Every structure is written in C-alpha cells, then in structure tokens.
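Here's a quick walk through the fold, covering the sheet, a couple of helices, the salt bridges and the cysteines. Have the structure open as you read.

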Amino acid sequence: MLNVVIDTSSLISYALTHGDIMTKIVQAWEDGEILPIFSPDTHGELLDVLARPYLAARSGRARNFILEKIEKQSFFVQRTVSIAGVCRDPNDEKFLVCAVVGKAHYLVSSDKDLLDLKQYEGICIVDPGTFLIALWLAKLTAAEMRATFSQQALRTIQENVCLEPETAVKLQRALYE
C-alpha cells in the first residue's frame, strides 16, 4: 500500500467534477491500494474549503463521501517538524510537513508551487495523472513491466516519472535483468 498526501485542490476537483483521474485515485483509496495521510492543518484546510457555500452546494454527496473516507480510511499525523522556505507558497508547506511526518511515498497535487519541487526528502511530488501511472507500476512485477512496455518506454518512465523506491527497483530490474 502506498502512503499518499493528496492536496486540497485535488480533492476539491474530485468533489466538483468527478473527473476520471481523481475518480480512479479515490477508487484506489476505497480499494485500500493507497492510504491517504492528513494532518490537522491539511484536514482543516479541506474542511474550510468544503464548507464554502458555493462548494458545499455543488459538491453534495462527493463532499460527504470524502469526509467519510477521511474518517474511516486514512491516517492522521501530528505536526512534529517545521519546514520553512522550501516552497514558493508558504501555505503549501503544510502538505510537505504532512508528507514528511507521515512517511508518504507521494504527494499528489496540481499546484505548480509544489510540483516544481518534484521531490522533497525522498517523497515524489506528482500531479494526479502521473500518480496513476506510478500506482499502476507499483502493482506490476518486473516481469509484467517488461511484458507490458518496450525497453524505450521503460527508460522514458525511469527518466521522467518519480517513483517510490520499491517500484523504482522493480523498474530497474525490468530494464536490466
């Protein structure tokens, strides 16, 4: 199971649009393939945004579903580290703190200020689409990767997709064994 911090904007996107990518991520959450991590700060921000009248009116059942999933199928951490000056937007640093304290494999975000970091303390910072690729690869064995992708495609993935260590090792084996 992958430990994942999903930022507020990505969860709000799901609540409002039910887009394919975020729907697949939420399905992975529901299926127990990922364990979302929250802190009081990240959870508080999400609650504040979901409570805005415009969003509350438009998000309806998705809002309740997200809140139920957070309560029943997520992990909460307390802030125990301080991070300052890492991200262009200091308001985004709460997601980095949550990811570090929660030992997340991935921080999923559409926020350019976070995405530009690419990686922080071994945590891959990826957009939702890239996370789906990483999640899919995590489920494959090295042999399945080799059977599914060409060598060139595997090299391209290796060069361009931040992967948590276990999946990166499987990809390495798929390329060179």
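Two strands count as paired if DSSP finds at least two bridges between them. With that in hand, β1 and β4 run parallel and are joined by 3 bridges. Bear in mind that this is a predicted model. The wider picture is an open sheet of 6 strands with mixed pairing, 6 salt bridges and 1 disulfide.

**The sheet**

- Reading across the sheet, the strand order is β3-β2-β1-β4-β6-β5.
- β3 and β5 sit at the edges, each pairing on one side only.
- β1 (residues 2-6) pairs with β2 in the parallel sense, over 3 bridges, and V4 is the residue that stands opposite P36 in β2.
- On the β4 side, V5 has L107 as its bridge partner.
- β2 also pairs with β3, again in the parallel sense, this time over 2 bridges; here I37 has F75 in β3 as its bridge partner.
- How enclosed is β2 by the rest of the structure? Largely, because 4 of its 5 residues are buried.

**Helices α1 and α2**

- In α1, the buried residues are T8, S10, L11, I12, Y14 and A15.
- Just after α1 comes H18, which takes a positive phi of about 50°.
- In α2, the buried set is M22, I25, V26, A28 and W29. These residues cover an arc of only 155° around the axis, so they lie on the same side of α2.
- Turn to the face of α2 pointing away from that buried side and you'll find the exposed residues D20 and K24.
- What covers the buried residues of α2? The cover includes three strands of the sheet, namely β1, β2 and β4 (106-108), along with the helices α1 (8-17), α4 (53-72) and α7.
- α2 is followed by G32, another residue to check for backbone geometry: its phi is positive, near 80°.

**Salt bridges**

- E33 and K139 meet through their side chains in a salt bridge, at 2.9 Å from N to O. E33 is in the loop between α2 (20-30) and β2 (34-38) while K139 is in helix α7 (residues 128-139), so the pair ties together parts 106 residues apart in sequence.
- Both partners are partly exposed: E33 has a relative accessible area of 27%, and K139 has one of 48%.
- R88 takes part in a salt bridge with D113, at 2.8 Å from N to O. That pair links distant parts of the chain, with D113 in helix α6 (residues 112-115) and R88 in the loop between β3 (75-76) and α5 (93-101), 25 residues apart.
- R88 also forms a salt bridge with D116, where the closest N and O atoms are 2.6 Å apart. D116 lies in the loop between α6 and β5 (119-120) and R88 in the loop between β3 and α5, so this pair ties together parts 28 residues apart in sequence.
- Which residues do salt bridges with shared partners join into one network? They are R88, K112, D113 and D116.
- Within that network, R88 is exposed, with a relative accessible area of 54%, and D116 is partly exposed at 35%.

**Cysteines**

- C124 and C162 form a disulfide, with an S to S distance of 2.0 Å. C124 is in strand β6 (residues 123-126) and C162 is in the loop between α9 (151-160) and α10 (165-176), so the bond ties together parts 38 residues apart in sequence.
- The torsion about the S-S bond is about -70°, so this disulfide is left-handed.
- C124 is buried, with a relative accessible area of 0%.
- Why is there no bond from C87 to its closest cysteine sulfur? Because that sulfur, in C98, is 14 Å away, which is too far. A disulfide needs the two sulfur atoms within 2.5 Å.
- Looking from C98, the closest cysteine sulfur is the one in C87, at 14 Å.
- C87 counts as buried at 6% relative accessibility, and C98 counts as buried at 1%.

Definitions and conventions
Residues numbered from 1 in each chain as written. Predicted model: local features only at pLDDT ≥ 70, side-chain atom pairs only at ≥ 80, totals over all residues. Heavy atoms only, no water. Salt bridge = Lys/Arg side-chain N within 4 Å of Asp/Glu carboxyl O. Buried < 20%, exposed > 50% of the residue type's maximum accessible area, 1.4 Å probe, protein only. Arc of directions from axis to C-beta. Contact = heavy atoms within 4.5 Å.
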